[in-house]
Amino acid sequence: GYDAVVSAAVAAGAVGAGISGSGPTLFALCAEEAHASAVSATMVDIFESYGLASVAYTSAVDMGGARVES
């Protein structure tokens, strides 16, 4: 259901979506926080239609990027 989930996420307002790591996590990026809830709910609904349980989390993007902390 990857293609269906990504297509639905973009249709719901995501700028883009993809797989994180080796595949157990999909993500979507939204330009506006207002779209995040609709996009995450849409992704969960599409997975459910394929008989797959999922959990959605929303958070802000860390604009500082990677850094070393000791």
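Is valine 5 buried or exposed, and what is its relative accessible area? In this predicted model, valine 5 has a relative accessible area of 0% and is therefore buried, the limit for that class being under 20%.

Valine 5 is found in helix α1, and it belongs to the largest nonpolar core, a set of six residues that also includes Ala9, Ala14, Val39, Met43 and Phe47. Two elements, α1 (2-11) and α2 (33-49), each give two or more residues to this core, and the largest share, three residues, comes from α2.

Two members of the core can be set side by side through their contacts, leaving aside residues up to four places away in sequence.

| Residue | Contacts |
|---|---|
| Valine 5 | Leu26, Met43, Ile46 and Phe47 |
| Methionine 43 | Val5, Ala9, Leu26, Phe27 and Ala28 |

Valine 5 also has a counterpart far along the chain: its C-alpha atom and that of aspartate 45 are separated by 8.8 Å, although the two residues lie 40 residues apart in sequence.

The largest pocket has a volume of about 750 Å³ and is lined by 24 residues, among which Leu26, Phe27, Ala28, Tyr57 and Thr58 lie nearest its centre. The elements that give two or more residues to this lining are β2 (25-29) and α2, with α2 giving the most, seven residues. Sorted by class, the lining of the largest pocket holds 16 nonpolar, six polar and two charged residues. Leu26, Phe27 and Ala28, which are among the residues nearest the pocket centre, are also in contact with methionine 43.

Methods: Residues are numbered from 1 along each chain as its sequence is written. This is a predicted model: local features need pLDDT of at least 70, side-chain atom pairs count only at pLDDT 80 or more; totals for chains, interfaces and linings use all residues. Side-chain values use heavy atoms; hydrogens and water are left out. A nonpolar core is a set of buried Ala, Val, Leu, Ile, Met, Phe, Trp, Tyr and Cys residues joined through side-chain atoms within 4.5 Å. Buried means under 20% relative accessible area, exposed over 50%, partly exposed in between (1.4 Å probe, protein chains only). Helices (H or I, at least four residues) and strands (E, at least two) are DSSP runs, numbered from the N terminus. Contact means heavy atoms within 4.5 Å. On a 1 Å grid over the protein atoms alone, a cavity is a set of points where a 1.4 Å probe fits but cannot get out, and a pocket is an open set with protein on both sides within 12 Å along at least five of seven lines; lining residues have an atom within 4 Å of a point. Grid points are joined across faces, edges and corners, and a volume is the space filled by probe spheres set on the points. Ala, Val, Leu, Ile, Met, Phe, Trp, Tyr, Cys and Pro count as nonpolar, Asp, Glu, Lys and Arg as charged, and the others, Gly among them, as polar.
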